[in-house]
Each structure stands twice: as structure tokens, then as C-alpha cells.
Amino acid sequence: MKRILLAVCLMAMACPVLAQELYVNTEPASNMATSSLGIRVENQGYFKPSYKNRSTIEAMYGVSRHLMVHGSVYMSDYYSSTQHFEGGSVYAKYRFLSVDTVQRHFRGAFFAKLSSINNPIVNREITLEGDNSGAQGGVVFTQLLHKLALSGSASYLRAFDNRGDYEAPTAQVRNAAAYTLSGGYLLLPRNYRDYKQVNLNLYVELLGKTNPGHGESYLDVAPALQLIFNSTCRLDFSYRTPIYNDMQRNTKNMYLIRLEYNFFNL
């Protein structure tokens with residue numbers, strides 16, 4: 001029994017150490033602990049030319065030390081005058097590389113995502129978070145260096161016709177490449193004593209996408225702030241804005257607010 005309690009405490013105490021890997025706009029190569037469940041409620045939107053917003057409910061589960069899965073549903077007024085249910089997506093990540101030393105590690109993972117969405121196709125950006133039905137596959141690597149964590153990913157996206165007989169126009173984009181670079185720093189606590197201390201993490205993330213063959217691309221910068229309470233509850237704030245952009249999309253100049261709660265050792 002003492003060994004079990006010790007393992008639980010060590011697992012809980014490990015969470016703040018890895019807090020700077022809990023990026024706001026991207027996923028790290030690291031996975032949730034096995035048999036742990038996370039629930040997210042998120043709202044993001046933009047204010048021009050008029051205020052529009054999208055809400056997401058997401059569940060995440062650690063299947064094993066190598067595999068975790070997500071399921072999400074979306075609701076927005078992006079394509080209508082009122083909020084409506086848009087569809088959902090599933091996501092899986094398989095960690096294939098772990099190089100661990102004291103207060104640092106290097107990890108690599110493959111990920112894949114499928115979405116089924118019921119919306120008109122009007123934008124040039126392919127996104128699987130409520131706008132497009134499609135598939136995405138890619139790879140992500142994350143390096144932890146004490147209080148600093150760096151992560152980068154590259155992926156390919158393929159858009160399908162949307163549900164509701166919303167076919168992609170002939171000239172519409174079907175393929176895209178996405179890439180990200182994220183940095184996270186554990187600002188507080190300065191001296192770690194126990195897992196109940198509030199964590200404050202600062203992030204800067206670069207989010208890019210291009211449509212091969214169409215000459216369209218963008219690169220956004222997304223600073224973010226994150227608070228973690230009792231190693232179980234997380235509150236995120238982020239705002240992304242273009243460094244450059246020549247693509248029609250909803251994600252330009254967008255805020256994000258997210259609340260997440262994690263249940264460990266189910």
C-alpha cells in the first residue's frame with residue numbers, strides 16, 4: 001500500500017515539472033498518464049468584421065504510456081446567424097521515442113486526426129476543428145530543459161467534402177501542410193515544494209500553414225498564459241495574430257479561452 005501511495009504522489013508531483021509542455025495551441029510529444037481522463041471546455045473567436053465564436057468540448061484519455069486519444073465536438077455561429085452543432089473529430093497520438101534524464105527529456109510521437117463537419121466550405125484554410133471534414137497526419141518532437149520546453153511539429157492535411165451535401169468547389173483547396181514551433185517556460189513557482197502550488201506558464205507559439213500549388217500561406221504568433229491549480233485544473237488564455245498572411249480563413253486574429261480538468265488513476 002505504501003508503494004502505491006508513493007507512486008501516486010510521485011506521479012502527481014511530476015505534473016508541475018512537465019507543466020511547461022502543456023501548450024495551448026499545439027500538442028506535445030508527451031502523453032497523459034495511463035488511465036487518466038481530461039475534460040476540456042473551450043471558446044475561441046474573432047471580433048471583425050463581426051463577433052463570431054466557436055465552443056468545443058473535448059475528452060482526452062491515456063490508453064497506455066505510448067498511446068492517448070481525444071474526441072471533440074464543435075458548435076459555432078461562423079457560418080450562420082445562430083450557434084449550431086457542426087460535427088466532431090477524433091485524434092490519436094503514439095509516442096515512439098523517449099530519452100529521459102534528470103529534469104530533461106526528448107520525445108517523439110506520431111499523430112493522426114479525422115473530422116466530420118456539417119458546414120459550407122468558404123475558406124481557403126483547411127482546419128479540422130469545425131470547418132472541414134478531412135484527415136491529418138504528422139509527427140511532433142518535444143525537448144524539456146528544466147523549466148523550458150520546446151516543441152515542433154509538421155503535418156499533412158487532406159480535405160473531404162463536408163456533410164450536408166457541402167461539396168468543395170473545383171478550385172477549392174484539398175491539400176495543406178502545417179507546421180508549428182512552441183516554447184513554454186515555467187515562471188512560477190520559483191521554488192517547488194508540493195503539487196498544490198499554483199503553476200504559471202508562459203508560452204509563445206508559431207503556427208503556420210501553406211496550400212501547396214496555390215501559393216497561399218500564413219504564419220501566426222500566439223502568445224499564451226496558463227494557470228494550473230492542484231496539478232489537476234488548468235486555465236488557458238491565448239491570442240493569435242498573423243506575422244504574414246495571404247489566406248482566407250477564420251483563424252486570423254483569434255482569442256482562445258480554455259478550462260481543463262484532469263482525473264488521474266481511474
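Is S217 buried or exposed? The legends below take up this residue and several other sites in a predicted model.

**Figure 1. Surroundings of S217 in strand β10.** Strand β10 covers residues 216–229, and S217 lies within this strand. S217 is buried, because its relative accessible area is 16%, under the 20% limit for that class. Leaving aside residues up to four places away in sequence, S217 touches K209 and T210 as well as Y244, N245, D246 and M247.

**Figure 2. Q20 in the loop between α1 and β1.** Helix α1 spans residues 2–17, and Q20 is placed in the loop that lies between this helix and β1. With a relative accessibility of 0%, Q20 counts as buried. When residues up to four places away in sequence are not counted, the contacts of Q20 include L144, H146, K147, L148 and A149. Also touched by Q20 are G184, Y185, L186, N201 and Y203. Q20 and Y74 are 54 residues apart along the chain, and their C-alpha atoms are separated by 27 Å.

**Figure 3. A nonpolar patch on the surface.** The patch is formed by I39, V41, I57, Y61, V63, V73, F85, Y261, F263 and L266. Together these residues have about 900 Å² of accessible area. At least two residues of the patch come from each of the strands β1 (37–46), β2 (52–62) and β12 (254–263). One member of the patch is Y261, which is found in strand β12. Y261 counts as partly exposed because its relative accessibility is 37%, a value in between the limits of 20% and 50%.

**Figure 4. Aromatic pairs, with Y91 and F111 as an example.** The count of aromatic pairs comes to 10. In the pair of Y91 and F111, the ring centres are 6.1 Å apart and the planes meet at 25 degrees, so the pair is stacked; planes under 30 degrees apart fall into that class. This pair links distant parts of the chain, as Y91 belongs to strand β4 (residues 84–101) and F111 to strand β5 (residues 104–117), 20 residues apart. Both Y91 and F111 are buried. An aromatic cluster is formed by F96, F106, F110 and F141.

**Figure 5. Confidence of the model and residues 1–17.** The average pLDDT of the protein is 91, and 93% of the residues score at least 70. Over residues 1–17, however, the pLDDT is below 50. This stretch has 16 contacts in the model beyond near neighbours in sequence.

Note on methods
Residues numbered from 1 in each chain as written. Predicted model: local features only at pLDDT ≥ 70, side-chain atom pairs only at ≥ 80, totals over all residues. Heavy atoms only, no water. Patch = residues over 30% accessible without salt bridge, like charges linked within 9 Å, V, L, I, M, F, W, Y side chains within 5 Å. Areas by Shrake-Rupley, 256 points an atom, 1.4 Å probe, with all protein chains shown as cover. Salt bridge = Lys/Arg side-chain N within 4 Å of Asp/Glu carboxyl O. Helix = DSSP H or I, 4+ residues; strand = E, 2+ residues; numbered from the N terminus. Buried < 20%, exposed > 50% of the residue type's maximum accessible area, 1.4 Å probe, protein only. Contact = heavy atoms within 4.5 Å. pLDDT = per-residue confidence, 0-100. Phe/Tyr/Trp six-rings, centres within 6.5 Å; stacked < 30°, edge-to-face > 60°.
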